[in-house]
Amino acid sequence: QVQLVESGGGSVQAGGSLRLSCGTTLDIVNSYNMGWFRQAPGKEREGVAGIDIVGGRTNGTYYANAVKGRFTISQANAKNTVYVSLEMNNLKPEDTAMYYCAADLRRGWNFLSPHDYKYWGQGTQVTVSS
């Protein structure tokens, strides 16, 4: 059973930073599409950052235009499972949302489309005040 568990959300002032983490039960020997998504009240879920993982290694990263240059997605391996982080810098009030980690077997494309992911975490709240 695939499990994704996010942590690291919180409240910060504009210009601040947060680091989100996603622990998984995904075995590092396989390959995956993984991503971070967010959903603000009354809005659709949107892709923030995606990562192409091939055999436990990062093969590429992808970002929404709204976060390019401010957010960084990265992958590591912990106890033979995949671990993904999202470093968020220069946060803005419009970044306020529930953030979700998602994963699926590797397709190699559509990293930022929430419709193409099978496994989701429970979410972690990020609130940025002005």
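**Close-up 1. The buried disulfide partner Cys101 and its link to Cys22.** Cys101 is buried, with a relative accessible area of 0%, where buried stands for under 20% relative accessible area, exposed for over 50% and partly exposed for values in between, computed with a 1.4 Å probe on protein chains only. The model shown here is predicted, and for that reason local features need pLDDT of at least 70 and side-chain atom pairs count only at pLDDT 80 or more, while totals for chains, interfaces and linings use all residues. Residues are numbered from 1 along each chain as its sequence is written, and side-chain values use heavy atoms, with hydrogens and water left out. The structure holds one disulfide, a term that covers a pair of cysteine sulfur atoms within 2.5 Å, and this disulfide joins Cys22 to Cys101 with an S to S distance of 2.1 Å. The link of Cys22 and Cys101 is left-handed, with -80 degrees about the S-S bond. The pair links distant parts of the chain, since Cys22 lies in strand E3 (residues 18-27) and Cys101 in strand E9 (residues 97-105), 79 residues apart; helices (H or I, at least four residues) and strands (E, at least two) are DSSP runs, numbered from the N terminus. Cys22 likewise counts as buried, at 0% relative accessibility.

**Close-up 2. The open sheet that contains strand E3.** Four strands form an open sheet in the order E1-E3-E8-E7, with antiparallel pairing, and two strands are said to pair if DSSP finds at least two bridges between them. Strand E1 (4-7) and strand E7 (71-78) stand at the edges, each with a single partner strand, so one side of each is left without a neighbour in the sheet. From one strand to the next, the twist averages 15 degrees, a value based on axes that are lines fitted to C-alpha atoms, for helices over the stretch in contact, with angles running from 0 to 180 degrees between N-to-C directions. E1 and E3 run antiparallel and are joined by four bridges, and Glu6 stands opposite the disulfide residue Cys22 in E3.

**Close-up 3. Strand E11 with its neighbours E2 and E9.** Strands of a sheet pair through backbone hydrogen bonds, either parallel or antiparallel. Strand E2 (residues 10-13) pairs with E11 in the parallel sense over four bridges, and Val12 has Val128 as its bridge partner in E11. E9 and E11, by contrast, run antiparallel and are joined by three bridges, with Val126 of E11 as the bridge partner of Ala97. The side chains alternate along strand E11 (residues 124-129): Thr124, Val126 and Val128 point to one face and are buried, whereas Gln125, Thr127 and Ser129 point to the other and are not.

**Close-up 4. The aromatic cluster and the arginines over its rings.** The structure holds five aromatic pairs, in which rings of Phe, Tyr and Trp (its six-membered ring) have centres within 6.5 Å, planes under 30 degrees apart counting as stacked, over 60 as edge-to-face and the rest as tilted. One of these pairs is formed by Phe37 and Tyr117, which meet edge-to-face at 5.1 Å centre to centre with 70 degrees between the planes. This pair links distant parts of the chain, with Phe37 in strand E4 (residues 32-39) and Tyr117 in the loop between E9 and strand E10 (119-120), 80 residues apart. Phe37 is buried at a relative accessible area of 0%, and Tyr117 counts as buried at 7%. Tyr100 and Trp120 form another edge-to-face pair, 6.4 Å centre to centre and with 80 degrees between the planes; Tyr100 belongs to strand E9 and Trp120 to strand E10, 20 residues apart. Tyr100 is buried, with a relative accessible area of 14%, while Trp120 is partly exposed at 26%. Ring pairs link Phe37, Tyr100, Tyr117 and Trp120 into a cluster. The charged end of Arg45 sits over the ring of Tyr100, 3.9 Å from its centre, the criterion being NZ of Lys or CZ of Arg within 6 Å of the ring centre and within 35 degrees of the ring normal. Arg107 lies over the face of Tyr117, at 5.4 Å from the ring centre.

**Close-up 5. Gly55 and its contacts.** Gly55 is placed in the loop between strand E5 (46-54) and strand E6 (57-63), and counts as partly exposed at 42% relative accessibility. Gly55 and Ile28 are 27 residues apart in sequence, with their C-alpha atoms 6.0 Å apart in space. Residues up to four places away in sequence not being counted, Gly55 touches Ile28, Val29, Asn30 and Ser31, where contact means heavy atoms within 4.5 Å.
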